[in-house]
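User: Hi! I would like to go through some labels in this structure and hear how each one follows from its cut-off.

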Amino acid sequence: MNEVKRSLEAAAGNVSGDKEEVKHRILSGRREPKRRNPFPFVATAIVLAAVMFFAFNIFTGEFSDKQSGAYEIDETYYDLLLLNEGLEHPPGSIMRYNLLLQVLYADSLIEYAKTKGYKEDAKAIEEEAKEQQQTFYDGFSAEELQSLEQSQLETFGYTYNEYFEHIIPQTIRYNQAVNWLVKHPPENMTTHREVLDSFMQEHDKEIVSFMKKKQITTPSTDTNYVDWEVLVTSVEEDTVSAVYDLDPELVNSMSPEQLEASNQFARFKVAGSVEQIKPFSTVTITYDPLSYPIEQAEQSKFFQDVTGWK
Amino acid sequence: MMDSLELEQAVDEYGEHLLKMAFFYLRDREAAKDIVQDVFISYYNNPNYEEQGKLRAYLTKMTINRCKDYLRSWSFRHLKLSKNWIDSIHTEQDALILQEERTELAVAVLGLPIKYREIIIFYYYEEYNMREIAAFLHLSENTVKTRMIKARKLLKDQLTDENWEVLSDE
């Protein structure tokens, strides 16, 4: 075996457990691929929950008297996000909310990082974006590029140039701010919810104005909590550790360290008594999916705000 | 439609290979599982493939096509923002084994843009020659060679001299 192959094999690791899981999912009748892990950053549930909170607060007027800072929502970026979704999203559709929240969420993290000492290097961001663009285009013939552009336009509704000029730089900005926050966690625990709330309070006028311009309306709900069915793996004092969408037999065979390293692992701080929650039981937890510490962008989440379970 | 036993046999025989290939493309174990599950379900529902001797290649092609669709999708492009695939390699695998097996090489390969990465994967991991890679990926042989040169250049910039020598000697 050559060294590169050996190295790739080592990186892939032992996938026999994954194979058994896939086989079990197929043969047990779960013929559709499972839903994606709800715990990572900006899962749909998070966006939805944040949207609900945002919409409710904006339109109850809670923030309307606050002073706004200098903030402008990147309209081109928002429009491209909307185009990217491909389908028609008429005024008032939930997708328009989701995308706005996606923009606000990223902007709030960047702004928060700046208040803690992060200095954004605009030139480095521009250079990285250009490098990604160059790497992408490099090696394609003119015919291949034309075909790619056509496919891109048909699939997403905008050109690769627009993608590299508007979307990639925003993604890099977000990445760099998050990386900085992971390396420089705040002294006092701060959750994503707190950061987003504060950001929206400060910029409520710009946000409301943008919503009006883009015909974004509020959903008819006022909750920022979601329900999720999880398998409890351990209970310690007020903390419930759990996994999502893993086969109980597989969970049984995994060590605590392996479980914690899984993308499907999370902790929940449960108010009140947790004595009735037993390991290896399946419970539905109602929690705020933005209530995890700011520095946990790339690791298992510890959700601080749980309102109930059953 | 094939029966469940045949499907189970196919998963047993090719599942691990497809999971690894999907991981090399996506760098995401969960997404790899979803893709491979989808591939086997499609194969189960429409097994219009008679040349079982080439089934491995057929399923591999289905897998990488789905991986490419996923990489082009918005969910990957915008939501999969982090670099935690490197962390996952280091947290999920045994540290001593990783050290012994020169994982720096794999991390560098998996860090390449996909069009270069796949050439390296098919050349070194699948051990195809340039012509076979070109045929499999529907590219011209010249394009494959150009991408291989670029891929090696990108890897050289990232690897230590020792690891670069290992790669350049093979």
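Analyst: Happy to. Let's begin with a definition: two strands pair if DSSP finds at least two bridges between them, and helices (H or I, at least four residues) and strands (E, at least two) are DSSP runs, numbered from the N terminus. As background, this is a predicted model in which local features need pLDDT of at least 70, side-chain atom pairs count only at pLDDT 80 or more, and totals for chains, interfaces and linings use all residues. Residues are numbered from 1 along each chain as its sequence is written, chains are lettered from A and ligands numbered from 1 in the order in which they are written, and side-chain values use heavy atoms, with hydrogens and water left out.

User: What makes strand β1 and strand β4 of chain A a pair?

Analyst: Six bridges link β1 (residues 226-236) with β4 (residues 282-287) in the antiparallel sense. The rule asks for at least two, so they pair. Within this pairing, A:Trp228 stands opposite A:Ile285.

User: Which strand does β1(A) form a hairpin with, and what is in the turn?

Analyst: The partner in the hairpin is β2(A), with two residues between the strands. Five bridges join β1(A) to β2 (residues 239-243), again antiparallel, and A:Leu231 stands opposite A:Val243. In the turn, A:Glu237 has a positive phi of about 50°, although A:Glu237 is not a glycine. Most residues other than glycine have a negative phi.

User: Why is A:Glu237 called exposed?

Analyst: Its relative accessible area is 74%. Buried means under 20%, exposed over 50%, and partly exposed in between (1.4 Å probe, protein chains only), so a value over 50% earns the label.

User: How do you know whether B:Glu127 is buried, exposed or partly exposed?

Analyst: B:Glu127 has a relative accessible area of 46%, which falls in between the two limits, so it is partly exposed. B:Glu127 is found in the loop between α8 (114-125) and α9 of chain B, and its phi, near 60°, is positive too.

User: What makes the buried residues of α9(B) line one face?

Analyst: In α9 (residues 130-137), B:Met130, B:Ile133, B:Ala134, B:Phe136 and B:Leu137 are buried. Seen down the axis, they fall within an arc of 170°, so they line one face of the helix; the arc is that of the directions from the helix axis to the C-beta atoms. On the other side, B:Arg131 and B:Ala135 are exposed. B:Glu132 also lies in this helix, and its 40% relative accessibility makes it partly exposed. Just after the helix, B:His138 takes a positive phi of about 55°.

User: Why is the pair of B:Phe23 and B:Phe24 called tilted?

Analyst: Rings of Phe, Tyr and Trp (its six-membered ring) pair if their centres lie within 6.5 Å; planes under 30 degrees apart count as stacked, over 60 as edge-to-face and the rest as tilted. By this rule the count comes to 16 aromatic pairs over all chains. B:Phe23 and B:Phe24 are 6.3 Å centre to centre with 55° between the planes, so they pair and count as tilted. B:Phe23 is buried at 3%, and B:Phe24 is buried at 0%. B:Phe122 and B:Tyr128 are also tilted, at 5.5 Å and 55°.

User: How do you know that B:Lys61 sits over the ring of B:Phe136?

Analyst: The rule wants NZ of Lys or CZ of Arg within 6 Å of the ring centre and within 35 degrees of the ring normal. B:Lys61 lies over the face of B:Phe136 at 4.7 Å from the ring centre. Another case links two chains: A:Lys5 lies over the face of B:Tyr125, at 5.3 Å.
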